[in-house]
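The following exercises concern the packing of helices and the contact between two chains. Please study the sequence and the structure before working through each solution.

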Amino acid sequence: MSAYRWFGRGWLTGGYLFLYIPILMLVLFSFNSSRQDMIWTGFTLHWYAALLDDQEIMQGFVLSMKIATMAATTSVLLGTLAAFVLDNYRQFKGRSLFQGMVSAPLVMPEVIIGLSLLLMFVLMEKLFGFPQRGLMTLWLGHALLGMAYATVVVESRLREMSKSLTEAAMDLGCKPYQVFSLVTLPNITQALASAWLLTFTLSLDDVVVSAFLSGPGYSTMPIIIFSRARLGLDPRVNAIAAITIAVVSAGVVAWSLHIARTERLRQKQISAAFQAELLS
Amino acid sequence: MEKYFKNVLTLRSLSGRNFVIGIPYLWLMVFALVPFFIVLKLSMSEMEVGNAFGTLLSAEDGVVLLKIKVSNYLFILEDKLYVLTYLSSIKYAAITTACCLFIGYPFAYFMAREKAAIRTTLMMLVMLPFWTSFLLRIYAWKGILATNGVLNQLLLGAGIIDVPLHMMHTPFSLMIGMVYTYLPFMILPLYTNLSKMDIRFIEAAADLGSTPWQTFWRITVPLSKSGIIAGAMLVFIPCVGEYVIPELLGGPETLMIGHVLWDEFFTNNDWPMASAVTILVILLILIPIGIFNKYQSEQRVGQA
């Protein structure tokens, strides 16, 4: 192997070590018996047990899961609509404004999104007595953030999709809503699932927007982790990390295997169809 | 105008198309546009006890008065601390972008030159950390860089240093955290660009007698310009307003605008000032985006 190849391999290895060592450390030290220090003193599962007894974290976890589910679902619904509008309607009044508003949350710092949404909610509460800071405001904020990402994911899939499919359906007499539900939707299910998972993860991980929008009694898990991490090291946080990492890696691996399999199956079907066509 | 209103008011406006456009449009108006105008308005009012939103429009003797105060902006621009904070936010974002480019470009380059079979796996491995909590990954660095942390123990054990290094809560730990978090955002567009590059250009350069090093600088790098710009934007923009990383890994020297904004709002309770800071940050971010968009549309014109 040439020096060039060695250098390339070395650079890649270094990069991956940089990306993965912190994650490995998190998992490793979740099994460490020492409370404060990052010095290995022995193996224990104590912190996992302590996690179950930690009322604050358990409540935060339940709340975060609830919000993430609600927000991801809302984001995907709205994001799909927005992506459909952007892909399907090339010209309408205020299209560029629409596009700008959709992607604004992608570029604005979260501190700004959180602050401006909070100001609006406070004003709304003053004028209409609604909504109270808590579940509702967290849900709306996360849904707005997630919608931007969902739109990007769904729109790129829609753009890949051949227009001739929908045109054929229309030629055959489908009504617009039938075209959408019978042709477009089945073609983008994978993108919808990816978008849902992505927005779910984003919501589950969000600190800043949540900190602005949560009210008393509504501390999400990231808010709790953040306030503990500020104070110092807490092995229970490592235990949470290890669990998250295990779940996520299993999920991502399963998901990519599933995608690879369906792709193979599709290719097989396509070539089989071509062959049948050639034989006839 | 009259015709427009007639159109809106007739049943035509209830057609499927308007309905489909209308729902996300309305949602975005309420949750993306209105908050911006509230912030803009608030930034031009004064802090008032009891009435946090101040009064911008008021009616006196039947005349509607528009009160616009630029005092918040003047205060920010004259105050050394604010100006320094803006500058240091830009500085740290720029350093992060440069470091990400330095590490990420060769990384993406070598990744794109690997065999197609393993490239997908390599890409997935870059994306995988993104799916695990960002907050927890930042937290991990606290344990690594602490005075009695993993890195110091390692260096002490190897005999490289005699006294533990002070790394936490310094610009160094902040930079590590930022580069670590945003590196995948640099690698991704670069990899997409480099893996699509027409290999014939490189072969042609080699045939014409250029050394690999010359080929790299005179062919590969110029061809990947759009990837570099996209990556730099994806890193620089979120870095300017970053809050969590400086809060966990930064120290007293690492002033960032996100922190000032947070403090102004939560600690000082000065909402108008926080709003003015917000508007200035938005301007700060819109400038690079504007340049980027201009560059992109020029590219499109050039290609056509």
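**Exercise 1: A helix pair across two chains**

In this predicted model, helix α10 (residues 221-231) of chain A packs with helix α6 (residues 134-145) of chain B at an angle of about 15 degrees, and their axes are 11 Å apart. Determine how α10(A) is oriented relative to α6(B), and which residues make the contact.

*Solution.* Step 1. Angles under 35 degrees count as roughly parallel. The angle is about 15 degrees, and therefore α10(A) is roughly parallel to α6(B).

Step 2. The crossing in which α10(A) passes α6(B) is left-handed.

Step 3. From α10(A), the contact uses A:Pro222, A:Ile225, A:Phe226 and A:Ala229, while α6(B) supplies B:Leu135, B:Tyr139 and B:Lys142.

Step 4. Sorted by class, this contact of α10(A) with α6(B) has six nonpolar residues, one charged residue and no polar ones.

**Exercise 2: The contact between the chains**

State how many residues each chain gives to the contact, and describe the side of chain A that touches chain B.

*Solution.* Step 1. Chain A contributes 59 residues and chain B contributes 66 residues.

Step 2. Among the elements giving two or more residues to the side of chain A are α1 (3-29), α3 (55-88), α10 and α11 (235-279) of chain A. The most comes from α1(A), with twelve residues.

Step 3. By class, that side of chain A has 48 nonpolar, seven polar and four charged residues.

**Exercise 3: Chain B as a whole**

Which helices and strands does chain B have in number, and what percentage of its residues is buried?

*Solution.* Step 1. Chain B contains 14 helices and two strands.

Step 2. Of the 304 residues in chain B, 38% are buried.

Methods. Residues are numbered from 1 along each chain as its sequence is written. Chains are lettered from A and ligands numbered from 1 in the order in which they are written. This is a predicted model: local features need pLDDT of at least 70, side-chain atom pairs count only at pLDDT 80 or more; totals for chains, interfaces and linings use all residues. Axes are lines fitted to C-alpha atoms, for helices over the stretch in contact, and angles run from 0 to 180 degrees between N-to-C directions. Helices (H or I, at least four residues) and strands (E, at least two) are DSSP runs, numbered from the N terminus. Angles under 35 degrees count as roughly parallel, over 145 as roughly antiparallel, 65 to 115 as roughly perpendicular and the rest as oblique. A crossing is left-handed if the near helix is turned anticlockwise from the far one by less than a right angle, and right-handed if clockwise. Two residues are in contact if their C-beta atoms, placed from the backbone, lie within 7 Å. Ala, Val, Leu, Ile, Met, Phe, Trp, Tyr, Cys and Pro count as nonpolar, Asp, Glu, Lys and Arg as charged, and the others, Gly among them, as polar. A residue is buried if 20 or more other C-beta atoms lie within 10 Å of its own, exposed if 12 or fewer, and partly exposed in between; C-beta atoms are placed from the backbone.
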